[in-house]
Amino acid sequence: GESRTVEKSLDVVSAEDAVYQDMTCMLFSGTLVVAGSARGVVVSTGGNTAIGKIRAAMSDPADESTPLKAKLDEFGNLLAKVIAGICVLVWIVNIRHFTDPELGGWVSGAIHYFKIAVA
């Protein structure tokens, strides 16, 4: 997918971090030959090709953590802790009412006030 003609050569590209555009000794699927001739050896097929790797990168959505998402996650965690604290506080404040005869005993009273705290 070059916008201009690129001359290919037999020189080996030894850089391990070379990008596809730097690999002047390789022809890729879809390469259009405008002059000359060559013989080639297939070195990759399917998902191991340059196009296959691009396809895989596009199909795997990266979990991009934006500043807004990070702030919302932080706020959500803080809000959950505050709500849990309020629930515990409501439950502790009403602990003396657990034995109320209308609630049917200590365990039933604890469950009743736990429901109120959560609500």
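**Exposed residues, a patch and a pocket**

Me: Why is Val 42 called exposed?
Reply: Val 42 has a relative accessibility of 68%. Exposed means over 50%. Val 42 therefore counts as exposed. The model is predicted.

Me: Where does Val 42 sit, and how far is Leu 27 from Val 42 in space?
Reply: Val 42 belongs to the segment before α1. Its C-alpha is 9.4 Å from that of Leu 27, with the two residues 15 apart in sequence.

Me: What makes Val 12 buried or exposed?
Reply: The relative accessibility of Val 12 is 74%. The cut-off for exposed is over 50%, so Val 12 is exposed. Val 12 is in the segment before α1 (50–59). Thr 24 is twelve residues from Val 12 along the chain, and their C-alpha atoms are 8.2 Å apart.

Me: How do you know that Ala 35 is exposed?
Reply: Its relative accessible area is 62%. Set against over 50%, that makes Ala 35 exposed. Ala 35 also lies in the segment before α1. Between the C-alpha atoms of Ala 35 and Glu 7 there are 9.8 Å, for 28 residues along the chain.

Me: Why is Val 107 called exposed?
Reply: Val 107 has 55% relative accessibility. Exposed starts at over 50%, so Val 107 counts as exposed. The residue is in helix α3 (residues 106–118).

Me: Which residues make the nonpolar surface patch with Val 107?
Reply: Ile 95, Trp 106 and Ile 111 join Val 107 in a patch of about 400 Å². Patch residues need over 30% relative accessible area. Val 107, at 55%, meets that cut-off.

Me: Which residues are closest to the centre of the largest pocket, and how much space lies in the pocket?
Reply: The largest pocket holds about 1600 Å³ of space. Its lining has 39 residues, of which Lys 8, Met 26, Leu 27, Phe 28 and Thr 31 are closest to the centre.

Me: How do the residues of that lining divide into nonpolar, polar and charged?
Reply: The lining of the largest pocket has 19 nonpolar residues, 14 polar and six charged. Met, Leu and Phe count as nonpolar, so Met 26, Leu 27 and Phe 28 are in the nonpolar group. Lys counts as charged, which puts Lys 8 in the charged group.

Methods:
Residues numbered from 1 in each chain as written. Predicted model: local features only at pLDDT ≥ 70, side-chain atom pairs only at ≥ 80, totals over all residues. Heavy atoms only, no water. 1 Å grid on protein atoms, 1.4 Å probe; cavity = no way out; pocket = protein on both sides within 12 Å on 5 of 7 lines; lining within 4 Å. Points joined across faces, edges and corners; volume = space filled by probe spheres on them. Patch = residues over 30% accessible without salt bridge, like charges linked within 9 Å, V, L, I, M, F, W, Y side chains within 5 Å. Areas by Shrake-Rupley, 256 points an atom, 1.4 Å probe, with all protein chains shown as cover. Salt bridge = Lys/Arg side-chain N within 4 Å of Asp/Glu carboxyl O. Helix = DSSP H or I, 4+ residues; strand = E, 2+ residues; numbered from the N terminus. Buried < 20%, exposed > 50% of the residue type's maximum accessible area, 1.4 Å probe, protein only.
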